[in-house]
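User: Please take a close look at the annotated active site in this model. I would like to know where its residues sit and what surrounds them.

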Amino acid sequence: MCSNSTDVEFPARLPPPKLGKKITVLSIDGEGIRGLIPSVIIAFLEKELQKLDGADARIADYFDLIAGTSTGGLITVMLATPKKGTNRPITAEKIKKFYLKNGPKIFSPKRRDEYGPLGRFCNFLEFLWVGPKYDGKFLHKKINDLTGKRTLANTLTKILLPAFDLSSLNPVFFSSYKNKREVKPKLSDVCIATSAAPTYFPPHGFDEYYPSGRHRVAYHLIDGGVATNNPTMLAISRVAREVVRKNPDFHPDVDYKSFVVISIGTGSARQRGAYNAEDCARWGALDWIYNRRSGDNPLFDMLSQASAYMVERNVAFLFQSHGCGKNYLRIQPREPLFRKGEKLSMDDASKENMNKLINVAEVLLKEPVARMNWTAGLYMVDTNDETTNAQELVRLAMILSNERRARLATQKTSGDR
């Protein structure tokens, strides 16, 4: 039921966590066109929030921090950036439409494909020696259109986007938290950088001044997935850092039981059993970078999968060890949604593949919640609990709505802005 209560106000921004009891975090993985999966799931969550608080509700109205890598970074920016000439973002449902409309142009196949094996061989040679698979021009234009001249300081809620600097060989984490020692570049620069997947899009370079205006830093950036394809732990750590820095938005005695974290994955292009020691033992350097049989980038897939898995494992342990495992929901497509041997590529923007991705997300919502089993070291379904991901999102939507209402009420009575 939609509420007409005056304590649910839009477009009033979410008051700071110190006025409530929870710290709310949304994390979105990377992986190209597979961003369709989190876009469908986030749209479902937003619709549940709208049932509670009215059609004007948006995801940015409920989360203290939204973190995203690569395509997750693009979704993050769309969720947290007001439309041109307004102070409200687009709906999450329109993000799905963005991928369906623009995906084929972002990942536009080379025209040589029309000429059969010879054309594809020319593409392969170009991939090896000439440059990235896509020039990124259309993607960059869409990002610039979406963000305009806005900077990290102009988002509707706090966001966090990782990238990797080629010059320093270090990850770089761009956030909208106030800090005199952190730059606040244009959203377009950060969004282009975090989505610059090696071999797919060109690296992105730009210069930016620190807030003091005295020192300039030069960035040479590629996809944030090189550092962390799943930014959940990064987001939690950033909030903890703000608490340590005595950010006045937070209670000084915050603990992990205060967190409510929703983390959404994009699946894996390859599942268990895709590689084996016998095959890999015959690989040279080229095969690790590009597998001619499958068209995969095995080394990138393995590093990305390993990084994401370690994040999942550590975050799950963190919440379970503090007795608040239900405060953390990880929704990640696994077999049989991603069937063994099936390749749902990060750059296959064909209508057939995009429909498959949407179907994966819709089926995933109906699947039982999977949680980390420490004995097996895997996410497993509790046979005694048939709660689905959709039902869990409905429960968390109520928590998010109640938290927003409580903060707004406290803000009114205390006069704290």
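Analyst: Start with Asp223, which belongs to strand β6, residues 216-223. This is a predicted model. Asp223 has a relative accessibility of 3%. The cut-off for buried is under 20%, so Asp223 counts as buried.

Its contacts come next. Neighbours within four places in sequence are left aside here. Asp223 is in contact with Thr69 and Ser70. It also touches Ala163 and Phe164. A further run of contacts covers Ala193, Thr194, Ser195, Ala196, Ala197 and Pro198.

Ser70 is the partner to follow. The "active site" annotation in the unreviewed UniProt entry covers Ser70 and Asp223. The two are spread over 154 residues of sequence, yet they cluster in space, with a largest C-alpha distance of 5.9 Å. Of these residues, the lining of the largest cavity includes Ser70.

Ser70 sits in a loop. That loop lies between β2 (65-68) and α2 (71-80). The relative accessible area of Ser70 is 5%. That is under the 20% limit, so Ser70 is buried.

Now the surroundings of Ser70. Residues up to four places away in sequence are not counted. Ser70 touches Gly30 and Glu31. Thr194, Ser195 and Asp223 are also among its contacts. Thr194 and Ser195 appear in the contacts of Asp223 too.

To sum up, the annotation covers Ser70 and Asp223. Asp223 is in strand β6, and Ser70 is in the loop between β2 and α2. Asp223 is buried, and Ser70 is buried.

Conventions. Residues numbered from 1 in each chain as written. Predicted model: local features only at pLDDT ≥ 70, side-chain atom pairs only at ≥ 80, totals over all residues. Heavy atoms only, no water. UniProt positions renumbered as here; feature names shortened; annotations may be inferred. 1 Å grid on protein atoms, 1.4 Å probe; cavity = no way out; pocket = protein on both sides within 12 Å on 5 of 7 lines; lining within 4 Å. Helix = DSSP H or I, 4+ residues; strand = E, 2+ residues; numbered from the N terminus. Buried < 20%, exposed > 50% of the residue type's maximum accessible area, 1.4 Å probe, protein only. Contact = heavy atoms within 4.5 Å.
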